[in-house]
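Colleague: I am new to this one, and I would like to understand the words you use for it. Could you show me the structure and let me ask about the reasoning?

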Amino acid sequence: MPNLYLYRAKILNPLENGEINYIPDGYLLIDNYGSILDCGDYSNFDPDLTYFNLIDYSDYLIIPGMIDTHTHFPQYDIIGVGSGELLDWLNHFVFPLESKFNDFEFSYIKSKIFFEELVRNGTTTAFIYSSIHLNSTMAAFEAAISIGINAFIGNSMSDSKNYDGTKYTARENILIAEQVMNKYHKNTTNNVEYIVTPRYAGNCSFELLKSAANYAKSNGLYIQTHLSENQIELQLIKERFPEFNNYTSIYNKAGLLGEKTILAHCIYLDDSEINLIKDSGS
């Protein structure tokens, strides 16, 4: 018989209908694989039904693992570093740091620390941007598997000249995606998935945005990208895509919007953009 663990604690249990079940004196029955077998009010638990190890957390609150829908693992070392506008911060702090992530060993060490911190702080699922590099993305998958976290990880696609001097074509970005997906996507017992990740319209051609959308939809993959984070960013987007009425319509025309699309930030949206997102199910 497997070892069973009974956690006695206050329990906060979100339900599928949107309500929350709060159990002031509850229990979780867990097997030695970490799977939850039962949950309920402690007064209703029958100790004669099973063998278990009691762990008393009566003074504590147990909640489900948190989900982070937008994070960049290469940026962990510069949390709180820098100042100024978004694009200047990216150019002076983020991109120079991310250029180091083409090294697999460096990326693996950094991503493992990142995932350990997520789990330590209660986050058990995360949607993650790596750098543009194949090595960075593969290292992040290896680290996520070693930690056991649920992770959706994608290389930050870009076909403009990148911060380390390289310039990938739209096709080269998709080839990196194919290599990572074929090796890791749902190919292990761990919950790690590849997510298509055009960084944002400011450093992606329309060809790349369309290619990313087509690749995601042909393989049933999630998509993540940035949208309307900063007003100077909006000016850049207007200069790069003058034929479009707004930022969101670029993604819509490229085919990036849909029920498996996660859009980060979305601060400066007009009503028509909000409706586009709503109607697409993004």
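Modeller: Gladly. Among contacts in the chain between residues at least 6 apart in sequence, 70% join residues at least 24 apart. Please keep in mind that this is a predicted model.

Colleague: Thanks! What is the chain built from, and what does its C-alpha trace span along the principal axes?

Modeller: The chain has eight helices and ten strands. Its C-alpha trace spans about 70 × 45 × 40 Å along the principal axes. There are 282 residues, and 44% of them count as buried. The accessible surface comes to about 14700 Å², with 49% of that belonging to carbon and sulfur atoms.

Colleague: What makes Asp 25 and Arg 8 a salt bridge?

Modeller: The N to O distance between their side chains is 2.9 Å. A salt bridge needs such atoms within 4 Å, so the pair of Asp 25 and Arg 8 qualifies. This pair links distant parts of the chain, with Asp 25 in strand E2 (residues 20-31) and Arg 8 in strand E1 (residues 4-14), 17 residues apart.

Colleague: And why are Asp 25 and Arg 8 called partly exposed?

Modeller: Buried means under 20% relative accessible area and exposed means over 50%, with partly exposed in between. Asp 25 has 28% and Arg 8 has 24%, so both values fall in the partly exposed range.

Colleague: How many salt bridges does the structure hold?

Modeller: Five. Another one of them joins Arg 199 to Glu 98, where the closest N and O atoms are 2.9 Å apart. Arg 199 sits in the loop between strand E8 (192-196) and helix H5 (206-219), while Glu 98 is in helix H1 (residues 86-98), so the pair ties together parts that are 101 residues apart in sequence. Both Arg 199 and Glu 98 are buried.

Colleague: What separates Glu 117 and Arg 120 in helix H2?

Modeller: About one helical turn, because Glu 117 and Arg 120 are three residues apart in helix H2 (residues 104-120). Their side chains meet in a salt bridge, at 3.0 Å from N to O.

Colleague: Why does Arg 120 count as exposed, and Glu 117 as partly exposed?

Modeller: Arg 120 has a relative accessible area of 60%, and the cut-off for exposed is over 50%, so Arg 120 passes it. Glu 117 has 24%, which lies between the 20% and 50% limits, so Glu 117 is partly exposed.

Colleague: How do you know that Glu 233 has no salt bridge?

Modeller: The nearest side chain of opposite charge, Arg 199, is 9.8 Å away. The limit for a salt bridge is 4 Å, so Arg 199 does not form one with Glu 233. Glu 233 is nevertheless buried. It is found in helix H6 (residues 231-240). Not counting residues up to four places away in sequence, Glu 233 touches Leu 86, Leu 87, Tyr 200, Ser 228 and Tyr 247.

Colleague: You mention Ser 228. Where is Ser 228, and why is it called buried?

Modeller: Ser 228 is in the loop between strand E9 (222-227) and H6. Its relative accessibility is 0%, and buried means under 20%, so Ser 228 is buried. The phi of Ser 228 is near 50 degrees, a positive value in a residue other than glycine.

Colleague: What is the phi of Cys 266?

Modeller: It is near 55 degrees, again positive in a residue other than glycine. Cys 266 lies in the loop between strand E10 (261-265) and helix H8 (271-280). At 23% relative accessibility, Cys 266 is above the buried limit of 20% and so counts as partly exposed.

Colleague: Which residues have the most contacts inside the largest nonpolar core?

Modeller: They are Phe 115, Tyr 194, Val 196, Leu 209 and Tyr 251, in a core of 59 residues. A second, separate core of six residues includes Ala 9, Ile 23, Leu 28 and Ile 62.

Colleague: Finally, what makes Leu 61 fit for a surface patch?

Modeller: Leu 61 has a relative accessible area of 48%, and patch residues need over 30%, so Leu 61 meets that cut-off. Leu 61 is in strand E4 (residues 53-62). Together with Leu 12, Ile 20, Tyr 22, Ile 63 and Met 66, Leu 61 makes a nonpolar surface patch of about 560 Å².

Terms used: Residues numbered from 1 in each chain as written. Predicted model: local features only at pLDDT ≥ 70, side-chain atom pairs only at ≥ 80, totals over all residues. Heavy atoms only, no water. Patch = residues over 30% accessible without salt bridge, like charges linked within 9 Å, V, L, I, M, F, W, Y side chains within 5 Å. Areas by Shrake-Rupley, 256 points an atom, 1.4 Å probe, with all protein chains shown as cover. Helix = DSSP H or I, 4+ residues; strand = E, 2+ residues; numbered from the N terminus. Buried < 20%, exposed > 50% of the residue type's maximum accessible area, 1.4 Å probe, protein only. Core = buried A, V, L, I, M, F, W, Y, C linked by side-chain atoms within 4.5 Å. Lys, Arg positive; Asp, Glu negative; His and termini not counted. Contact = heavy atoms within 4.5 Å.
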